Amino acid sequence: SDDMAVNLQMFLFLFKSKYRRKCHIQQIFVCLVIIYSSVFNVMCSAKCSDVHCMNGECVNGTCVCFDGWQGPSCQFCGGKVRLSQLSGHIHDGTGNYSIDVKCSWLVDAKPYNASIRLHVEEFATECGWDHLYVFDGDSVHSPLLAVFSGLMYKDAYAIRRIPEVVAHSGSALLHFYSDVAYNMTGFNISYRLNSCPSSKSAVNCSGHGVCLDGVCTCDAMYMGDACDLEICPNNCSYSNGVCNREAHRCDCDDKYKGEDCSQVAEFGYWEVVQPKDFQPEGSASHTAVVWRDSLYIVGGES
């Protein structure tokens, strides 16, 4: 039948794509079963009287999706979503995102003359293949602020930090692209208008300061743009040093070193060098240099 021919064509297309190179030869049969099962499940649908329309509404037993959403239960992104609330969340849908999809979200803050601050809550995509682009404006021709791909935040796993992204034009366009094979759980990104830097999306200044005109004034024991750094970490390991509040550092006893005085000096120690007249730009690589009795590491995740 025509339906069977369509199913077969879709199956062959998926098999010829990256699914094949992702499988070992001895696992091809298992992969074929998984692929065909996935195709079959996607093609099946249920009435919305039995399934909740996640990003749409039920009309005469069928889910009618809002703009920018697709799927039997409107559970997948697909198209363009426009957001104009003072705060909200941007996500790809429920479960794993669709393969071979393009989705866009436009955050419009022009009526408020506001900046838009984006905070990554969860992010897991196929590294190097599925990307999220963030533009400072309302089109892909606007200045590019960031590109995200790979595993950054998922359940208990997290890289050290992901910088917040701020759009100042009054609009922020997020564009997501996934290729024809292998999907993951996707992303959840929160946004707020005219907010301050923070390590926590729900509060300004990480809960340790006051936000005024986009700038944090930190509480006495915290510092940094987002007030997320203790001036004396770990209370200087208690008896190993004392907190110098004026200098914003721990003054360690002779036997101890480190920003929190937790390292025993005679066994070797690490210190962070922060030149006053030079601030290196962010990077994703590093180099190491040995000079006399010290090892200097420059760069790294920043």
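Which residues does UniProt list for "domain: EGF-like"? The unreviewed entry in UniProt lists residues 228-262 under that name, and I would like to begin there before moving to the rest of the chain, keeping in mind throughout that what we have on the screen is a predicted model. Over residues 228-262 the chain is 0% helix and 34% strand, and the C-alpha atoms at the two ends of that stretch lie 20 Å apart.

Let me now step back to the chain as a whole. The secondary structure comes to 2 helices and 25 strands, and of the 302 residues in the chain, 35% are buried. If we take the contacts between residues at least 6 apart in sequence, 53% of them join residues at least 24 apart.

Next, the interior. The largest nonpolar core has 32 residues, and those with the most contacts inside it are I90, W105, I116, L118, F148 and L174. A second, separate core has 5 residues, including I231, C236, C250 and C261. Returning to L174, and leaving aside residues up to four places away in sequence, we find that L174 touches I90, C103, S104, W105, L118, L132, Y133, V134 and I189.

That brings me to the sheet in which some of these residues sit. There is an open sheet of 5 strands, in the order β5-β7-β14-β9-β10, and its pairing is mixed. The edge strands, each of which pairs on one side only, are β5 (79-83) and β10 (144-148), and neighbouring strands of this sheet are turned against each other by 15° on average, if direction is ignored.

Within that sheet I would draw your attention to β9, residues 131-135, which pairs with β14, residues 171-178, in the antiparallel sense over 5 bridges. In that pairing V134 stands opposite L174, while the bridge partner of Y133 in β14 is H175. Strand β9 is also joined to β10 by 4 bridges, the two strands again running antiparallel, and in β10 the residue that stands opposite Y133 is V147. Why can we describe β9 as largely enclosed by the rest of the structure? The reasoning is that 4 of the 5 residues of β9 are buried, so the strand is largely enclosed by what surrounds it.

Strand β6, residues 87-91, gives another picture, with a covered face made of G88 and I90 and an uncovered one made of S87, H89 and H91. As general background, in a regular strand the side chains alternate between the two faces of the sheet. The residue I90 on the covered face is one of those with the most contacts inside the largest nonpolar core. Strand β6 is joined to β15 by 5 bridges, and the two run antiparallel; the bridge partner of G88 in β15 is Y191.

Finally, I would like to look at S201, which has its place in the loop between β15 (186-193) and β16 (209-212). Is S201 buried or exposed? Its relative accessible area is 19%, and because buried means under 20%, S201 counts as buried. The side chain of S201 makes a polar contact, at 2.3 Å, with the side chain of E121. Setting aside residues up to four places away in sequence, S201 touches H119, E121, S190 and R192, so that E121 appears both among the residues touched and as the polar partner.

Methods: Residues are numbered from 1 along each chain as its sequence is written. This is a predicted model: local features need pLDDT of at least 70, side-chain atom pairs count only at pLDDT 80 or more; totals for chains, interfaces and linings use all residues. Side-chain values use heavy atoms; hydrogens and water are left out. A nonpolar core is a set of buried Ala, Val, Leu, Ile, Met, Phe, Trp, Tyr and Cys residues joined through side-chain atoms within 4.5 Å. Buried means under 20% relative accessible area, exposed over 50%, partly exposed in between (1.4 Å probe, protein chains only). Contact means heavy atoms within 4.5 Å. Two strands pair if DSSP finds at least two bridges between them. Axes are lines fitted to C-alpha atoms, for helices over the stretch in contact, and angles run from 0 to 180 degrees between N-to-C directions. A polar contact is a pair of N or O atoms within 3.5 Å; within protein, one must be able to donate a hydrogen and the other to accept it, and residues adjacent in sequence count only if both atoms are side-chain atoms. UniProt positions are given in the numbering used here, feature names are shortened, and annotations may be inferred rather than shown by experiment.
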